[in-house]
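Okay, thanks for coming, everyone. I'll put the structure up and then walk through one helix, the overall fold and the ligand site.

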Amino acid sequence: MSAREFESLLGDRIRLTRGFFAPARAAELMATLLRETPWLAVRYENEGRPRELPRLTVNYGERSYDYSGLVFTPLPWTPLLAELRAQAEAQAETRFNALIVQLYRDGEDAVNWHADDSPGVGQDPIIASLSFGATRTFLVRPKGGSEPSLTLELQAGDLLVMRGDLQHTHQHKVPREPEVTGPRINLTFRTLSGPAPQPAVAHASRVVRWPDDGDK
Ligand SMILES: O=C(O)CCC(=O)C(=O)O
């Protein structure tokens, strides 16, 4: 399989393939992932105060992952996720061994400015990000800067690849967008190496059925 046509952005640090999945397939994947993923609401303490990540998240793959100071224990690949990984690998021209699946239940869910630069991802990580469901804004800014240098509307079926030194030079964010009412699922495939962090989050998180109990 060879890579499909993509848009090259920020000095080729981002490669965006619009419609990597056609609308009907993207909608089918959204419905399946929404239904079959054992969504986890992550609770933790910050300066003694109980907090919860403003999104649901599940990790898959061969390695536990250290993210936002929390360590997540992965589930084994499902046949569907292994198939999506192979497609993302072909486009990103690399191999992945870890996946974070995130559910933004609506526009109140978000992820704040950060770079995917924890030691486990290596020096210049290639990270492939698939979007399904509601369109959400994806912002990128230089590290140390306050204004976004890139604003993208990520749509269902899009594949965004972050590469080169992006995680050293820039941060990214999916802001709150209260006007968005529908859910969005994002899959980020990564390659983790080095010593595995020790899982510690299990006691601090709980499984939430969604949308049944709708508990944020
Ligand atoms: O949901 C997205 O598009 C971005 C997710 C993200 O920032 C991350 O996984 O590091």
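**Starting with α1**

So, this is a predicted model. Let's begin with helix α1, residues 23-36: that's 14 residues, and at 1.5 Å a residue they should span 20 Å. The end C-alpha atoms are 20 Å apart, so that agrees.

Which residues of α1 are buried? Those are Ala26, Leu29, Met30 and Leu33. They cover an arc of only 105 degrees around the axis, so they sit on the same side of α1. What do they pack against? The buried residues of α1 pack against β9 (127-133) and β14. Flip to the face turned away from that buried side, and you get the exposed residues Ala24, Ala31, Arg35 and Glu36.

Okay, zooming out. The protein has three helices and 15 strands. Of its 216 residues, 37% are buried. And if you take contacts between residues at least 6 apart in sequence, 78% of them join residues at least 24 apart.

Now the ligand. Around the ligand we have Ile100, Gln102, Val111, Asp116, Ser129, Phe138, Leu154, His172, Val174, Asn186 and Thr188. Which elements give two or more residues to that shell? They're β7 (98-104), β13 (170-174) and β14 (184-190). You'll remember β14 from a minute ago: the buried residues of α1 pack against β14 too.

As for chemistry, the shell divides into five nonpolar residues, five polar and one charged.

That's it from me, happy to go back to any of the views.

Notes
Residues are numbered from 1 along each chain as its sequence is written. This is a predicted model: local features need pLDDT of at least 70, side-chain atom pairs count only at pLDDT 80 or more; totals for chains, interfaces and linings use all residues. A residue is near a molecule or strand if its C-beta atom, placed from the backbone, lies within 6 Å of it. Helices (H or I, at least four residues) and strands (E, at least two) are DSSP runs, numbered from the N terminus. Ala, Val, Leu, Ile, Met, Phe, Trp, Tyr, Cys and Pro count as nonpolar, Asp, Glu, Lys and Arg as charged, and the others, Gly among them, as polar. The expected span of a helix is 1.5 Å times one less than its number of residues. A residue is buried if 20 or more other C-beta atoms lie within 10 Å of its own, exposed if 12 or fewer, and partly exposed in between; C-beta atoms are placed from the backbone. The arc is that of the directions from the helix axis to the C-beta atoms. Two residues are in contact if their C-beta atoms, placed from the backbone, lie within 7 Å.
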